[in-house]
Amino acid sequence: MESEHKQALLAEEGKLAGAIDSPDLASEDRLEEKKTDLLHTGSGGLTSQEAAERLAEYGYNELPEKEENIILKFLSFFWGPMPIMIWLAAGVELAQCLSGRTEHWPDFGVLIGLQIVNGTVAFLEEYNAGNAIAELKASLAPKANVKRDGKFRIIKARELVPGDIVMLQIGGVVPADVRLIGDFELSIDQAALTGESLPVTMREGDTAKMGSTVRRGEMEAMVVKTGADTFFGRAAGMVAKVEQTGRFQRVLNSVMGFLMGLAVVLVIIILGVLLAEDGTSSGDILTSIGTAVVLLIASIPIAMQVVATVTMAVGANLLAKKKAIVARLSAIEELAGMHTLCSDKTGTLTLNQLHLDKPVIFRSDMSEERLFFLSALAAKRLDEGQDAIDSCIMNKALEKISKAEMARFEQVAFIPFDPSIKRTEASILHPEEGMFKVTKGAAPEILQLCQNGKQLETKVMKTVDNLASRGYRALGVAVTDKEGAFQFCGVLSLFDPPRVDTKRTIERALEMGVQVKMITGDHTAIAIETARRLGMGCTIHSVHQLHQAPRTTDAYPVEAAGGVVLNNHDDMILAADGFAEVLPEDKYKIVEVLQYSGQIVGMTGDGVNDAPALKKAEIGIAVEGATDAARAAADIVLTEPGLSVIIDAMIMSRKIFQRVRNYCIYRIAGTIQLIFFFFVAIFFNPQNNFDDADYKNFRLPVLAVVLITLVNDACVLTISRDKVKPARDPQAWHLREVFIISAVLGFTAMAGSIVLLVIGFQTGNKGGSAITNIFFDKGTASFGQVQSMMFLNLCISDLITVFAARTRGWFFSRAPGGALLGAGVIAVAATTFLATVTSFGGMEKITGRTAAVVWAYTLVWFLIQDILKQLSYYVITALKIVDRAGYLSLIKQKPKAHLNVEGIRKFSQQIRRSMGSIGNFT
């Protein structure tokens with residue numbers, strides 16, 4: 001067996017070594033091992049002074065990060081699809097300037113300024129985000145339980161040095177390359193390094209690699225390599241973290257792809273018309289190309305990614321203040337759409353502060369104090385890092401006995417808790433009582449060890465069931481007699497009370513359309529009692545019930561003999577309020593079934609065994625006190641205990657979702673308005689109406705188009721702090737609705753601008769009319785004044801569209817944020833100033849009276865826009881184009897008991913129909 005073990009380890013080492021193409025790896029390992037052997041660390045670990053000296057010699061236990069040249073990083077923001085188009089437009093303008101058309105110098109200057117502003121803002125946003133991420137990483141830095149100066153203490157893993165003795169425990173990530181010490185075994189998961197799904201069993205003398213995870217067991221180990229010298233450090237250049245495209249990024253890509261495709265097609269048509277009308281001279285061609293490129297820049301949502309990212313980043317900072325650290329920004333948007341939260345019980349729904357109640361004793365010669373003391377002897381003695389059960393029992397025992405007296409009972413061997421054996425065991429040596437063993441754990445497993453187990457089994461299990469029905473966790477305790485046989489002593493009763501705020505928190509979640517399903521490894525009776533106290537509903541299934549449930553081929557319940565309706569496996573999961581006696585693979589399956597029904601699932605966890613389910617769920621949430629492995633797998637890490645933090649994060653994420661959705665509607669509407677306006681306006685010939693017109697097609701100066709884009713995008717950046725009301729149900733993008741509302745807003749604004757353009761063309765050579773007299777003195781105007789009038793109209797109508805886009809009802813139904821309103825006032829004031837005071841690019845200033853009339857005209861069309869928006873929402877709802885009620889109504893209809901065949905079929909079909917749009921964004 002030993003030789004087989006060594007061969008297996010050698011094979012595993014070969015796989016690891018094969019990941020790095022280094023012919024000198026073996027010799028390097030031998031040199032490093034020889035260097036480590038010279039350290040001669042004693043059983044008490046290093047002293048603080050030795051650790052400081054070695055830290056100075058070997059450096060921190062962290063991977064060196066390549067420093068990026070900040071100048072090159074800054075310059076990279078001036079290269080890409082959008083910057084290239086701006087450079088192209090600026091180049092066209094420069095060519096015209098150099099050919100003698102000096103009137104194009106302002107246009108060239110504005111384009112260069114726009115490029116500099118865009119690149120600088122993008123750089124600063126990423127730079128600030130990088131600093132924030134670095135701070136978050138620092139707060140999530142892994143810890144290590146290290147023996148220094150003879151005592152175990154918790155330190156940052158980066159402070160480990162070769163020769164340190166560390167404690168490896170279940171759920172922990174190996175903090176450095178370490179050599180195992182002791183007589184026990186560890187099950188090490190090296191999937192992150194080798195890709196192997198099965199864990200490797202390791203014993204004394206074996207080397208566990210940095211970054212692997214302890215799946216089972218507990219052992220001491222000596223650090224042999226740190227930082228860049230570890231296997232992980234040398235392989236870091238070949239390990240790439242795969243970033244999956246989240247739902248939010250796919251939505252942005254869909255929106256931007258649609259807008260870019262639309263803009264490119266229409267701008268190509270516009271360019272063709274311009275070239276046909278302007279002529280083929282080099283100057284005319286440059287003018288046409290410059291106009292077309294600037295129109296393309298104005299139509300494509302340059303700031304969409306920036307606005308969305310800024311909004312998410314602002315939200316992430318707010319969530320951090322709420323004690324929820326976001327490891328993946330797009331998880332914020334997915335949290336807004338979460339339908340079901342699978343919550344761990346211990347520490348999340350409950351306090352994770354166990355209290356010992358009166359024990360039940362099964363030996364006449366045993367007292368309560370002695371039972372507590374024996375159970376404390378079966379706990380791992382650590383100054384820091386004890387689990388909740390051991391800490392509770394130890395504190396209870398120390399109420400009657402001193403640490404000095406307990407130290408006389410030397411713990412010569414210890415078997416840590418393992419899910420496969422469900423108990424701990426300690427070998428104790430005492431000067432007077434001699435050598436004996438004591439164990440504590442799940443009562444059925446303890447009974448199997450005991451000589452008097454069969455005799456007491458019925459009585460003990462009845463006691464355990466009775467305690468469980470009242471919400472208590474029962475632990476059996478046994479000690480060996482003089483012959484070395486275990487004798488059952490008694491049952492400890494522990495209770496983990498629910499958090500004070502948990503019941504209200506669950507009520508809030510239900511009010512927001514989110515189911516909370518309890519998932520626990522505890523006894524079913526304990527889970528039911530906890531659920532009853534929290535008002536969650538008591539449809540709690542054990543995994544045994546799930547495994548025994550029928551798995552019908554049509555995925556629906558079947559009629560059993562006698563007309564009894566049975567739920568199948570998947571439908572039991574959908575209808576349940578919680579699950580008990582759950583194993584890690586069951587958590588994964590539960591999440592998978594919920595996702596198959598069309599739900600977005602959140603999963604909380606704290607242990608290494610929770611990592612697969614955390615990865616599987618759309619929103620993996622590592623709760624406070626989670627292991628390094630769980631936190632590495634999670635999208636959101638909580639630094640405060642309890643479920644209320646998650647609800648706060650959910651509310652915040654829904655606000656963020658509303659802001660991003662509102663911006664997308666606005667930006668699509670703005671693109672539709674601008675690109676279709678210029679597409680129609682290109683067929684208006686100013687030379688037929690105005691003597692001062694130089695063009696055969698209506699157009700605005702390049703500078704004016706750039707200003708429209710720049711002013712509005714800069715203003716709407718403040719939407720990241722807009723006032724919004726979180727939705728009462730899980731949020732889905734429903735892009736069909738987004739595009740319909742955007743089209744209504746955009747085409748309405750475009751129609752208003754076209755009508756105003758028609759009115760403006762009536763002010764030309766043919767003289768005024770009753771309508772034109774309203775806009776201009778004597779009803780006449782120059783072409784340059786008409787251009788200024790249209791510039792003001794496009795600026796105002798494009799900007800105020802955001803106030804219609806941000807609400808489903810009347811635009812005044814919810815006050816805008818102060819930043820958005822203030823920026824809007826400044827923007828419209830600036831554009832009004834430009835239209836009435838300055839003349840540029842051939843445009844002529846208009847009077848204050850004309851500007852006021854344009855204002856009034858634009859506001860009238862804005863009201864029409866707002867009315868049509870509400871009508872569109874009504875039609876969408878009435879015709880059920882999208883199901884905005886979504887999942888909330890299905891949750892309210894969900895039966896709490898067994899579902900009949902027709903009910904389950906209807907329920908499942910409704911879920912798939914209403915939620916199926918998430919996958920294809922319809």
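Let me begin with a single pair: Arg504 forms a salt bridge with Glu511, and their closest N and O atoms lie 3.3 Å apart, where a salt bridge means a side-chain nitrogen of Lys or Arg within 4 Å of a carboxyl oxygen of Asp or Glu. Arg504 is partly exposed at 41% relative accessibility, and Glu511 is likewise partly exposed, with a relative accessible area of 39%; here buried stands for under 20% relative accessible area, exposed for over 50%, and partly exposed for what lies in between, using a 1.4 Å probe and protein chains only.

Before going on, I should say that this is a predicted model, in which local features need pLDDT of at least 70 and side-chain atom pairs count only at pLDDT 80 or more, while totals for chains, interfaces and linings use all residues. Residues are numbered from 1 along each chain as its sequence is written, and side-chain values use heavy atoms, with hydrogens and water left out.

A second pair is Arg533 and Glu529, whose salt bridge has its closest N and O atoms 2.9 Å apart. Both sit in helix α20, residues 524-534, and because they are four residues apart there, about one helical turn separates them; helices are DSSP runs of H or I with at least four residues, strands are runs of E with at least two, and both are numbered from the N terminus. Arg533 counts as partly exposed at 35% relative accessibility, whereas Glu529, at 10%, counts as buried.

The third case is Glu425 with Arg423, a salt bridge at 2.7 Å from N to O, and in this pair both residues are buried. Arg423 and Glu425 also belong to a salt-bridge network that includes Lys437. Over the whole structure, the search finds 23 salt bridges.

What, then, is the nearest side chain of opposite charge to the buried Asp344, which has no salt bridge? It is Lys587, 4.9 Å away, with Lys and Arg counted as positive, Asp and Glu as negative, and His and the chain ends not counted. Asp344 lies in strand β11, residues 340-344, and, leaving aside neighbours within four places in sequence, Asp344 is in contact (heavy atoms within 4.5 Å) with Leu349, Ile519, Thr604 and Asp606.

To close with the overall picture, the protein has 35 helices and 26 strands, and 52% of its 922 residues count as buried. Among contacts with a separation of 6 or more, 72% come from residues 24 or more positions apart.
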